[in-house]
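Reader: Please take me closely through one part of this model, a pair of neighbouring strands, and then set that part against the rest of the chain. Keep to what the model itself supports, and say how each term is used.

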Amino acid sequence: MQSAKSFRNFTFNLVLALSITLPILLEGCNIKNSYGADTPDRVVEQYLLALEKKDEELMLKLIPRKYSAEQAVEDKIAQLGGHKIQEYKVFYTKPKPVFWRANVQAFYTDDGGLRKKIDDTLTIVYEGGSILDFNKGRWYLLMGKGNIPTPEVQPAEPQTSPPGRSR
């Protein structure tokens, strides 16, 4: 009788100790997914920041790991990167709840002082998380070549980003 009670107390204490220390240890190991973003707006913001800074690594972190996007990122940064992006507006079409297109319209001033227009279309997709990944779902920029097909979509009416999303 005493042995069963001792075993239950030991088991309870072990479970209690693990439930407190395990989350702290996992958080300390930084297992969370650092790719993608929490929202489509955040994907667009980080994409534009990566362009401004000519930061290939930042842009690559927006793209799913299963995509080979190095060349596509390098080309995009060579085409539009290195300039302060001004007055951007984003218009979304949402053909599917997890598959969005973002049309980004903005301006920058080139090295010669000329105002240049940016009209860029981004494909943004949501991928759900899993317990094995220790993360919640994330939004990603699709760029480059992936191991997954692009979803078949039907045209939808564009929707502008919420007020306050322009700069």
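**A strand pair and its setting**

Author: Strand β2, residues 85-96, and strand β3, residues 99-109, pair in the antiparallel sense over 8 bridges, where pairing requires that DSSP find at least two bridges between two strands. The model is a predicted one, in which local features need a pLDDT of at least 70 and side-chain atom pairs count only at pLDDT 80 or more, while totals for chains, interfaces and linings use all residues. Residues are numbered from 1 along each chain as its sequence is written, and side-chain values use heavy atoms, with hydrogens and water left out.

With 2 residues between them, β2 and β3 form a hairpin, and one point of register is given by K89, whose bridge partner in β3 is Q105. V90 also belongs to strand β2, and because its relative accessibility is 3%, V90 counts as buried (buried means under 20% relative accessible area, exposed over 50%, and partly exposed in between, with a 1.4 Å probe and protein chains only). Although V90 and A106 are separated by 16 residues in sequence, their C-alpha atoms lie 8.8 Å apart in space. Another residue of strand β2 is E87, which is partly exposed, with a relative accessible area of 42%. The phi angle of E87 is near 50°, a positive value in a residue other than glycine.

The hairpin belongs to a protein with 4 helices and 7 strands, these being DSSP runs numbered from the N terminus (H or I of at least four residues for helices, E of at least two for strands). Read from the N terminus on, the order of elements is α-α-α-β-α-β-β-β-β-β-β. Of the 167 residues of the protein, 33% count as buried. Among contacts between residues at least 6 apart in sequence, 60% join residues at least 24 apart, a contact being heavy atoms within 4.5 Å.

For a place away from the hairpin, consider I63, which is found in the loop between α3 and β1 (67-68) and counts as buried, at 2% relative accessibility. Leaving out residues up to four places away in sequence, I63 touches Y35, A69, V73, Y140, L141 and M143. The C-alpha atoms of I63 and G144 are 8.7 Å apart in space, although 81 residues apart in sequence.

Turning to the helices, the axes of α2 (residues 40-53) and α4 (residues 70-80) come within 9 Å and cross at roughly 65°, the axes being lines fitted to C-alpha atoms, for helices over the stretch in contact, with angles from 0 to 180 degrees between N-to-C directions. The helices α2 and α4 are therefore roughly perpendicular to each other (65 to 115 degrees; under 35 counts as roughly parallel, over 145 as roughly antiparallel, and the rest as oblique). The contact is made by Y47, A50 and L51 of α2 together with K76, I77 and L80 of α4. These residues divide into 5 nonpolar, no polar and 1 charged, where Ala, Val, Leu, Ile, Met, Phe, Trp, Tyr, Cys and Pro count as nonpolar, Asp, Glu, Lys and Arg as charged, and the others, Gly among them, as polar.

Finally, K54 lies in the loop between α2 and α3 (56-60), and its phi angle is near 55°, again a positive value in a residue other than glycine.
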